[in-house]
Amino acid sequence: MSNRNFLLILSVVCLACIGCGGGNSGSVSGTAEYEGKPLPGGRVVFESKTSTCVAKIENGKFEAKYKGSKSLPMGTYKVSVWPPAPEPKMNPKTMKLETVSSVDTSLYPKKYQSKLTSGLEFTLVPGSNVFDIELSGKK
């Protein structure tokens with residue numbers, strides 16, 4: 001085998017081992033609480049200059065996924081936390097659909113629902129990252 005073929009095969013094997021994204025991505029999971037109590041549901045939104053990722057909160061825990069994968073692009077993210085979206089339910093008395101929240105939305109202070117006012121920021125580094133969120137303040 002010539003040196004050229006050997007280098008070509010070695011390059012292909014190295015790229016296969018690295019995979020898509022390689023060392024340019026990581027994962028993030030964590031907890032989301034309001035004054036020490038787990039948030040029952042909702043969403044954590046991570047926004048960088050180049051990407052946005054939404055993680056679903058379930059029983060105070062979340063794991064972010066980006067385009068169906070646990071790997072997110074490296075970078076610094078502004079973070080916001082949102083209550084679950086209201087669900088439409090039929091009011092048996094009026095026979096009309098009404099939106100009803102399944103959780104106490106006062107657990108999600110308004111300031112945390114915007115990346116501009118939340119004060120939450122996270123820098124993703126290669127590998128597994130933990131980002132625990134503690135909300136507090138005016139309900």
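**Strands, core and surface of a predicted chain**

In the predicted model, Lys115 lies in the loop that links β9 (96-100) to β10 (120-124). The relative accessibility of Lys115 is 34%, so this residue counts as partly exposed. Beyond residues up to four places away in sequence, Lys115 touches Glu47, Lys78, Val79 and Ser80. The C-alpha atom of Lys115 is also separated by 8.4 Å from that of Val45, although the two residues are 70 residues apart along the chain.

The chain as a whole contains one helix and twelve strands. Read from the N terminus, the helix precedes the strands, in the order α-β-β-β-β-β-β-β-β-β-β-β-β. Of the 139 residues, 31% are buried. Among contacts with a separation of 6 or more, 65% are between residues 24 or more positions apart. The accessible surface amounts to about 9,200 Å², and carbon and sulfur atoms account for 57% of that area.

Val45, mentioned above with Lys115, has Val54 of β4 as its bridge partner. Strand β3 (residues 41-47) pairs with β4 in the antiparallel sense, over seven bridges. Four residues lie between β3 and β4, and the two strands form a hairpin. In a regular strand, side chains alternate between the two faces of the sheet. Strand β4 (residues 52-58) shows such an alternation. Cys53, Ala55 and Ile57 point to one face and are buried, whereas Thr52, Val54, Lys56 and Glu58 point to the other face and are not buried. Val54, the bridge partner of Val45, thus belongs to the face of β4 whose side chains are not buried.

The largest nonpolar core comprises 26 residues. Leu39, Phe46, Phe62, Val81 and Ile133 have the most contacts inside this core. At least two core residues are supplied by each of β1, β3, β4, β7 (75-82), β10 and β12 (133-135). Phe46 has an extensive list of partners outside its neighbours within four places in sequence. Among them are Ser51, Thr52, Cys53 and Ala55, and of these Cys53 and Ala55 are on the buried face of β4. Phe62, another of the residues with the most contacts inside the core, is in contact with Phe46 as well. The partners of Phe46 also include Val28, Ala64, Tyr77, Phe122 and Phe131. Lys78 and Val79 are in contact with Phe46, and both are touched by Lys115 too.

Ser25 is located in strand β1 (residues 25-34). With a relative accessibility of 15%, Ser25 falls under the 20% limit and therefore counts as buried. Leaving aside neighbours within four places in sequence, the contacts of Ser25 are Ser71, Leu72, Met74, Pro126 and Gly127.

Lys37, in strand β2 (residues 37-38), is exposed because its relative accessible area of 60% is over the 50% limit. The C-alpha atoms of Lys37 and Glu134 are separated by 8.9 Å, while the residues are 97 residues apart along the chain.

A nonpolar patch on the surface is formed by Met90, Met95 and Leu97, which together have about 350 Å² of accessible area. Met90 is part of strand β8 (residues 87-91). The relative accessible area of Met90 is 47%, so Met90 is partly exposed.

Definitions and conventions
Residues are numbered from 1 along each chain as its sequence is written. This is a predicted model: local features need pLDDT of at least 70, side-chain atom pairs count only at pLDDT 80 or more; totals for chains, interfaces and linings use all residues. Side-chain values use heavy atoms; hydrogens and water are left out. Buried means under 20% relative accessible area, exposed over 50%, partly exposed in between (1.4 Å probe, protein chains only). Contact means heavy atoms within 4.5 Å. Accessible areas come from the Shrake-Rupley method with a 1.4 Å probe; for residues, only the protein chains shown count as cover. Two strands pair if DSSP finds at least two bridges between them. A nonpolar core is a set of buried Ala, Val, Leu, Ile, Met, Phe, Trp, Tyr and Cys residues joined through side-chain atoms within 4.5 Å. Patches are made of residues with over 30% relative accessible area and no salt bridge: like charges are joined within 9 Å, nonpolar side chains (Val, Leu, Ile, Met, Phe, Trp, Tyr) within 5 Å. A salt bridge is a side-chain nitrogen of Lys or Arg within 4 Å of a carboxyl oxygen of Asp or Glu.
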